[in-house]
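Work through the following exercises with the sequence and the model side by side, and try each task before reading its solution.

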Amino acid sequence: MTGFRGSFLRFTDQAGRQQEFLLIADRQRVTVGRSPQADLSLPWDAEVSRLHAAIEHFGAQWTIVDDGLSRNGTFVNGERLVGRRRLHPGDRIRMGTSVVSFHDFSGAPDDATRTSSAVLPPLRALTDTQRSVLIALCRPYKNGAGFATPASNQAIAEELFLSVDAVKTHLRTLFSKFGVEDLPQNQKRVRLAALALQSGIVSDRDL
């Protein structure tokens, strides 16, 4: 794939040959599984579920989602995937006995790394109310709605029976905890939602 600039998945097929699957941003969801209907089909691996996981383009990043789709789980760099996780170049994804590696030669700057070195708060660092605000903020992205925008303060307030001022206070704390407080005002909410979903702190099932 000399000269190629973009993202792709690399895996070994049933005959031991190395194969590459191109990831195209215009195709925002790629399914992976044992089924012949999966975009990336691994029919030879009996431990892979028919629909095992999905690779999704979210913002400017590729993420992997399992969300309970698979029977035996999905592992990224040896760690079991829960919900959604952003993919980094060189990540190794294990599904069944198959290993798929993620590669990115797009040369695009990494916004999340530039923002906060991708150091995100652990779930236990969020109060129940902060997490509820975060989930409500991300709700418009349910079912992989890539062109959605985060919920407004008013919508969050109505959903959670809080005042708009209380929502603003919680969001300011979340901006700080996720390291996006220095971004322009119109970018903070989008980046916060993207980081929450990409990291799996908020999963599709939460929405």
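## Exercise 1: A hairpin and its sheet

In this predicted model, strand 1 (residues 7–12) and strand 2 (residues 18–23) run antiparallel and are joined by six bridges. Find which residue of strand 2 is the bridge partner of Ser 7, and then place both strands in their sheet.

**Solution.** Begin with the pairing: the bridge partner of Ser 7 in strand 2 is Leu 23. Next, look at the hairpin that the two strands form, where five residues lie between the strands and Gly 16 takes a positive phi near 85°. Then widen the view to the open sheet of six strands, whose order is 2-1-11-10-7-8, with antiparallel pairing. Strand 2 and strand 8 (79–80) stand at its edges with a single partner strand each, so one side of each has no neighbour in the sheet.

Finally, turn to the side chains of the hairpin: Arg 10 forms a salt bridge with Glu 20, and their closest N and O atoms are 2.6 Å apart. The pair links strand 1, which holds Arg 10, to strand 2, which holds Glu 20, across 10 residues. Arg 10 counts as partly exposed at 24% relative accessibility, and Glu 20 likewise counts as partly exposed at 29%.

## Exercise 2: The surroundings of Ser 98

Determine whether Ser 98 is buried or exposed, and list the residues that Ser 98 touches beyond four places away in sequence.

**Solution.** First locate the residue: Ser 98 lies in strand 11, a strand of residues 98–104 that runs antiparallel to strand 10 (residues 92–95) and is joined to strand 10 by four bridges. Within this pairing, Ile 93 stands opposite Val 100 in strand 11. Now compare the accessible area with the cut-off, which is under 20% for a buried residue: Ser 98 has a relative accessible area of 9% and is therefore buried.

For the second part, leaving out residues up to four places away in sequence, Ser 98 touches Leu 42, Trp 44, Asp 45 and Ile 93. One of these, Leu 42, is 56 residues from Ser 98 in sequence, although their C-alpha atoms are 8.1 Å apart in space. With Asp 45 there is a polar contact between the two side chains, at 2.7 Å.

## Exercise 3: The two sides of helix 4

Name the buried residues of helix 4, and work out where they lie around the axis.

**Solution.** Helix 4 (residues 164–177) has 14 residues and reaches 20 Å from its first C-alpha to its last, which is close to the 20 Å expected at 1.5 Å a residue. The buried residues of helix 4 are Val 167, Leu 171, Leu 174 and Phe 175. Because they cover an arc of only 100° around the axis, they sit on the same side of helix 4. From this side, the buried residues pack against helix 2 (128–138), helix 3 (153–160) and helix 5 (185–199), whereas the face turned away from them carries the exposed residues Asp 165 and Arg 172.

Both ends of helix 4 deserve a look as well. In the loop between helix 3 and helix 4 lies Phe 161, which has a positive phi of about 60° although it is not a glycine. With a relative accessible area of 76%, Phe 161 is exposed. Just after helix 4, Gly 179 takes a positive phi of about 70°.

## Exercise 4: Salt bridges across the sequence

State how many salt bridges a search of the whole structure finds, and explain what the pair of Arg 131 and Asp 206 ties together.

**Solution.** The search finds eight salt bridges. In one of them, Arg 131 is paired with Asp 206, with the closest N and O atoms 2.8 Å apart. Since Arg 131 lies in helix 2 and Asp 206 in the segment after helix 5, this pair ties together parts that are 75 residues apart in sequence.

A further pair is Glu 159 with Arg 139, whose closest N and O atoms are 2.5 Å apart. Here Glu 159 lies in helix 3 and Arg 139 in the loop between helix 2 and helix 3, so the parts tied together are 20 residues apart in sequence. To finish, note that Arg 29, Glu 56 and Arg 84 are linked in a network of salt bridges.

Methods. Residues numbered from 1 in each chain as written. Predicted model: local features only at pLDDT ≥ 70, side-chain atom pairs only at ≥ 80, totals over all residues. Heavy atoms only, no water. Pairing = 2+ DSSP bridges. Expected span 1.5 Å × (residues − 1). Buried < 20%, exposed > 50% of the residue type's maximum accessible area, 1.4 Å probe, protein only. Arc of directions from axis to C-beta. Contact = heavy atoms within 4.5 Å. Polar contact = N/O pair within 3.5 Å; in protein donor to acceptor, adjacent residues only side chain to side chain. Salt bridge = Lys/Arg side-chain N within 4 Å of Asp/Glu carboxyl O.
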